[in-house]
Amino acid sequence: MSLFDKYAPLQKRIDVMNKIGRDALGVQFDDIIDATRGRIGNREILLAGTNNYLGLTFDADCMAAAKQAVDDHGTGTTGSRVANGSYREHVDLEVALADHLGMPSCIVFTTGYQTNLAAISGLAGDKDVIFMDADAHACIIDGTRLTNASTIRFRHNSPEDLDKRLRRQGKIEGGHALVVIEGMYSMFGDIAPIDEFIDVTHRHGGYLYIDEAHSYGVFGPTGCGIAEEQGVLDKVDFISGTFSKSLASVGGFCASRHREFDVTRKVMRPYMFTASATPANICAARVAVDKIKAGGHLRDNLKARAQQLHKGLSDLGYDLCAEPSPVIAARRPNEAICAMEWNWLLDNGLYVNLAVPPGTPQSSSLLRISLSAAHSEADVNEIIAKFAELKGLEGQLMEDMMGKLAG
Amino acid sequence: MASNNDIYSKVCELLKPYNPESRPISRQSGIVSDLEVDSVAVFDLVMGLEDHYDVSIPMEMVTDIKTVGELVNAIQQLTSE
């Protein structure tokens, strides 16, 4: 018996993937040329799976701010904000995000993953009960595991089901309900009815926490996210987000309408015991906040591209998981076919995400596309054309795959 | 109140869609290790059981449950409380 024997079923899946083609979870790009183009070997790749929703990673002002930050403050912070202190820019960014969201309190974290890990574990105590949407991201699940609070899952995007489970739980002695949902869900691109969740949560005396990682910058008149889009931002208790999507950097934030949220800085282990975000990351994100506030034109283009792609793939007969949004996922019959198609797309110059269980809802195998405001109409036509070609090759690809699997 | 055997039958019935290869199920079967039900699917299965028996089965309790028999016993305990 070896320590690794437990991974035998996983290794079997990996072996099948490798027989079919590349390791989809280990792609290496030789160059990232701009927000929508990369290079593998001599082939230029159209990037349609990077969550670079506003395309700001190559924005001249964001890049200049990152370069200036290195010149001014060096490359790294070498420790946590608790141990080494905060840089002025960490605090400035917190103030800017709080101001954008119209909330009195905001804390910045080193990655998006750590944001939910830290904030959820800081907010939920032993006697509180967390109610979590069934399709919540891994970092929310892991955040609940860092607490001693009980965690109950409710059916995806169903305020009625949440209401039922809150009623079933009854009075929470000495604690509160913390309801955790997302604005736009990362795999299917579907959107939460936040107004209804606010109503149910507050009726039961609970607090609503929304992860807007995929929706901050993308939705709402000023880019605050789905809660702003639905006109209920001022009623949400906590909004978290990441810098690694619309904000074109690495890091994350959690803001609250409760000023007392600030006290959690002294208890959140993923905040206290990790190095703070680098000056370059913080300064790029700070400029990106202003770009987002004034980014109505970027959101308009992103919306138009989403509608264009959704219609194009629907017309081809692809089974899409949700209404048009910057995330468009096509459901495929199984993991092997999905992997084979994903390989063909990459071999033909298009990068999308291969998404498979347990990282997907309903054990789905998906070809997942994330669009960018930097994509042009011609780019999206190219994506549609590749998917059209793929559709025509189904029989031949299946035959090739069977040959590879038999070999 | 449902008997242990009734609950076992219900668990086996609800496990079916998550066991496409129809592996034999017993009380000793490891839900993840033997039946290879993925971690998210286990939680989906539990949501169905919560609704059927009108009980709350918190995720931290599910994490500690490894076998079909342990799941059955946990539900029996919750329904008898």
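Which residues in α2(B) are buried? They are Val40(B), Ala41(B), Val42(B), Asp44(B), Val46(B), Leu49(B) and Glu50(B). The model is predicted. This briefing covers the build of chain A, one helix pair in it, the contact between chains A and B, and selected loop and helix residues.

**Chain A overall**

- Chain A holds 15 helices and 14 strands.
- Its radius of gyration is 22 Å, close to the 22 Å that the globule rule gives for 407 residues, so chain A is as compact as a globular protein of that length.
- The C-alpha trace of chain A spans about 60 × 55 × 50 Å along its principal axes.
- Buried residues make up 52% of the 407 in chain A.
- Take the contacts in chain A between residues at least 6 apart in sequence: 71% of them join residues at least 24 apart.

**Helices α2 and α11 of chain A**

- Two packed helices are described by the angle between their axes and the distance between the axes.
- In chain A, helix α2 (residues 60–73) and helix α11 (residues 279–293) have axes that come within 8 Å. These axes cross at roughly 145°.
- The crossing of α2(A) and α11(A) is right-handed.
- From α2(A), the contact draws on Asp61(A), Cys62(A), Ala65(A), Ala66(A), Gln68(A), Ala69(A), Val70(A) and His73(A).
- From α11(A), the contact draws on Pro279(A), Ala280(A), Cys283(A), Ala284(A), Arg286(A), Val287(A) and Ala288(A).
- Sorted by class, the contact of α2(A) with α11(A) has 11 nonpolar, two polar and two charged residues.

**Where chain A meets chain B**

- Chain A gives 13 residues to the contact, and chain B gives 12 residues.
- On the side of chain A that touches chain B, the elements giving two or more residues are β6 (150–154) and α7 (159–169).
- Strand β6(A) supplies the largest share of that side, with four residues.
- The residues on that side of chain A divide into five nonpolar, five polar and three charged.

**Helix α2 of chain B**

- The 15 residues of α2(B) should span 21 Å at 1.5 Å a residue. The end C-alpha atoms of α2(B) are 21 Å apart, which agrees.
- The buried residues of α2(B) pack against three helices of chain B: α1, α3 (59–64) and α4 (68–80).
- Asp54(B) comes just after α2(B) and takes a positive phi of about 50°.

**Leu35 of chain B**

- Leu35(B) sits in the loop between α1 (4–15) and α2 (39–53) of chain B.
- Leu35(B) counts as partly exposed because it has 19 C-beta neighbours inside 10 Å, and buried status takes 20 or more.
- Leu35(B) and Asn19(B) are 16 residues apart along the chain, and their C-alpha atoms are separated by 6.6 Å.
- Leaving aside residues up to four places away in sequence, Leu35(B) touches Asn19(B), Arg23(B), Ile25(B), Ser29(B) and Gly30(B).

**Backbone features in chain A loops**

- Ala248(A) lies in the loop between β9 (238–242) and β10 (252–256) of chain A.
- Phi of Ala248(A) is positive, near 60°, in a residue other than glycine.
- Ala248(A) counts as buried because it has 27 C-beta neighbours inside 10 Å.
- The loop between β13 (353–355) and β14 (365–370) of chain A holds Pro358(A). Ser363(A) also lies in the loop between β13 and β14.
- Pro357(A) and Pro358(A) are joined by a cis peptide bond, with omega about 5°.
- Ser363(A) is not a glycine, yet its phi is positive, about 50°.
- Ser363(A) has 18 C-beta neighbours inside 10 Å, so it counts as partly exposed.

**Lys311 of chain A**

- Lys311(A) belongs to helix α12 (residues 296–315) of chain A.
- Lys311(A) has 13 other C-beta atoms within 10 Å, so it is partly exposed. A residue with 12 or fewer would be exposed.
- Lys311(A) and Ile45(A) are 266 residues apart along the chain, and their C-alpha atoms are separated by 23 Å.

Terms used:
Residues numbered from 1 in each chain as written. Chains lettered and ligands numbered in written order. Predicted model: local features only at pLDDT ≥ 70, side-chain atom pairs only at ≥ 80, totals over all residues. Axes fitted to C-alpha atoms, helices over the stretch in contact; angles between N-to-C directions. Left-handed = near helix turned anticlockwise from the far one by under 90°. Contact = placed C-beta atoms within 7 Å. Nonpolar A, V, L, I, M, F, W, Y, C, P; charged D, E, K, R; others polar. Rg over C-alpha atoms; globule rule 2.2 N^0.38 Å. Expected span 1.5 Å × (residues − 1).
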